[in-house]
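I opened a fresh page for this one and wanted to keep my look-ups in order. Here is the structure I had on screen while writing.

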Amino acid sequence: MLDFVYYPVSGVLWLWHWVFSQILGPESGFGWALSVVALVCTLRALLYAPAIRQIRFMRKMQEIQPQMKAIQTKYAKDRQRQALEMQKLQKEHGFNPLLGCLPMLLQIPVFIGLYHVLSSFNRTAGAFFSGGGSMTPEQNRNTKNYVFSPHDVQSFLESRFFGVPLSSYITEPAASFNAFIKAGSAVDFQRWQIAAVAIPLMLIASVATHMNSRASLSRQPADVSEQPQAAMMRVMSLWVFPLGVLIFGWASPIALLLYWVSNNAWTYGQQHLVFRKIDREDEEKKRQAVERRAANAPKPGAKPVRKKAENPAAHDSQSE
């Protein structure tokens with residue numbers, strides 16, 4: 001159904017794994033983990049320009065907030081006219097709400113795609129969050145996973161990240177552990193080991209989500225943050241989303257938790273870099289405005305020069 005998402009996501013992951021396998025070997029768990037991190041970097045690099053536009057969108061929204069309030073007050077009883085005036089105001093200022101949401105919207109299918117691709121490495125009957133299959137471990141190991149060949153699938157299943165498979169999760173049924181080992185071999189990891197890797201990643205991702213939201217919301221003006229909708233979004237961003245990471249983390253593959261952590265790390269760095277860049281631009285605009293005012297202002301002690309009105313009589317005599 002979403003193959004148009006799954007194939008590109010698996011393709012980028014495959015490409016980065018090929019790169020890291022040249023250095024660390026194809027079965028290296030750290031090579032696979034770095035592939036997930038590189039997938040995040042690839043996506044966020046592609047979304048860098050839209051992310052800047054998103055921040056500029058937020059700035060512009062703050063600038064026209066008083067005008068929006070005035071329209072809401074003036075046409076409080078006429079919703080249709082209010083909507084038309086809002087659209088007119090947005091058009092005048094080159095305001096496009098869709099661009100503001102674009103970076104977040106584009107990350108959603110990638111997240112879903114990565115979750116599905118990672119889960120589809122284990123399609124055995126015991127894997128509750130598998131790709132919907134009921135394969136035996138041997139069938140699973142010899143079936144490709146989108147772009148990944150059977151050999152790649154085996155490489156991923158046999159790789160270990162701090163001693164546990166990257167697609168394992170805390171609440172995974174023990175029956176599906178056999179998918180991560182060769183036939184006839186003993187399971188070489190336990191649930192507590194999965195938890196020992198997953199829980200720190202969950203905590204880091206949750207705290208990072210909270211801190212990134214706090215940094216972003218701190219730049220909102222007070223009058224915007226006090227609005228009911230903004231207040232609700234503030235609660236969701238600061239508390240609901242981080243809590244969601246902790247809740248869903250119990251059923252999330254280790255690799256997906258790595259995605260969360262990496263994505264938050266990128267967001268943290270990008271926010272600070274972009275905010276500094278935009279702050280410098282704003283300071284430069286203010287400086288130029290001050291210089292223009294100073295250049296146009298009369299010198300101290302000098303009388304302002306007024307343009308003399310043209311004498312109509314003189315104009316008529318010249319025309320004759």
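My entries below go from the overall fold to a surface patch, a buried acid and the salt bridges.

**Entry 1: the fold.** I noted at the start that this is a predicted model. I then looked up the secondary structure and found 13 helices and zero strands. Read along the sequence, the pattern is α-α-α-α-α-α-α-α-α-α-α-α-α, which made for an easy line in my notebook.

**Entry 2: burial and contacts.** I asked how much of the protein is buried, and the value came out at 39% of the 320 residues. For the surface I got about 18800 Å² exposed, with carbon and sulfur atoms supplying 64% of that area. I also checked contacts between residues at least 6 apart in sequence: 69% of them join residues at least 24 apart.

**Entry 3: a nonpolar patch.** Which residues form a nonpolar patch on the surface? I found Tyr 7, Trp 14, Leu 15, Trp 18 and Val 147, which together have about 470 Å² of accessible area. I picked Trp 14 for a further look and placed it in helix H1, residues 3-24. Trp 14 counts as partly exposed because its relative accessibility is 33%, and partly exposed covers the range between under 20% for buried and over 50% for exposed.

**Entry 4: a buried acid.** Trp 14 led me on to Asp 152, since I saw the two listed in contact. Asp 152 sits in helix H8, residues 150-158. Leaving out residues up to four places away in sequence, Asp 152 touches Trp 14, Trp 32 and Phe 121. I then asked which side chain of opposite charge is nearest to Asp 152. It is Lys 144, 10 Å away, and Asp 152 is buried yet has no salt bridge. A salt bridge here needs nitrogen and oxygen within 4 Å, so I left that pair off my list.

**Entry 5: counting salt bridges.** How many salt bridges does a search of the whole structure find? My search gave six. I wrote up several of them in turn.

**Entry 6: helix H7 to helix H8.** Arg 141 forms a salt bridge with Glu 158, with the closest N and O atoms 2.3 Å apart. This pair links distant parts of the chain: Arg 141 is in helix H7 (residues 137-141) and Glu 158 in helix H8, 17 residues apart. Are the two partners buried or exposed? Arg 141 counts as buried because its relative accessibility is 6%, whereas Glu 158, at 24%, counts as partly exposed.

**Entry 7: Arg 287 in helix H12.** I found Arg 287 meeting Glu 284 in a salt bridge at 2.4 Å, N to O. Arg 287 also forms a salt bridge with Glu 291, where the closest N and O atoms are 2.3 Å apart. Arg 287 and Glu 284 are three residues apart in helix H12 (residues 254-296), so about one helical turn separates them. Glu 291 and Arg 287 are four residues apart in helix H12, so they too are separated by about one helical turn. For accessibility I noted that Arg 287 is partly exposed at 38%, Glu 284 is partly exposed at 30%, and Glu 291 is partly exposed at 43%.

**Entry 8: one more network.** My last look-up was Arg 81, Glu 85 and Lys 88, which are linked in a network of salt bridges.

How values were computed:
Residues are numbered from 1 along each chain as its sequence is written. This is a predicted model: local features need pLDDT of at least 70, side-chain atom pairs count only at pLDDT 80 or more; totals for chains, interfaces and linings use all residues. Side-chain values use heavy atoms; hydrogens and water are left out. Patches are made of residues with over 30% relative accessible area and no salt bridge: like charges are joined within 9 Å, nonpolar side chains (Val, Leu, Ile, Met, Phe, Trp, Tyr) within 5 Å. Accessible areas come from the Shrake-Rupley method with a 1.4 Å probe; for residues, only the protein chains shown count as cover. Helices (H or I, at least four residues) and strands (E, at least two) are DSSP runs, numbered from the N terminus. Buried means under 20% relative accessible area, exposed over 50%, partly exposed in between (1.4 Å probe, protein chains only). Contact means heavy atoms within 4.5 Å. Lys and Arg count as positive and Asp and Glu as negative; His and the chain ends are not counted.
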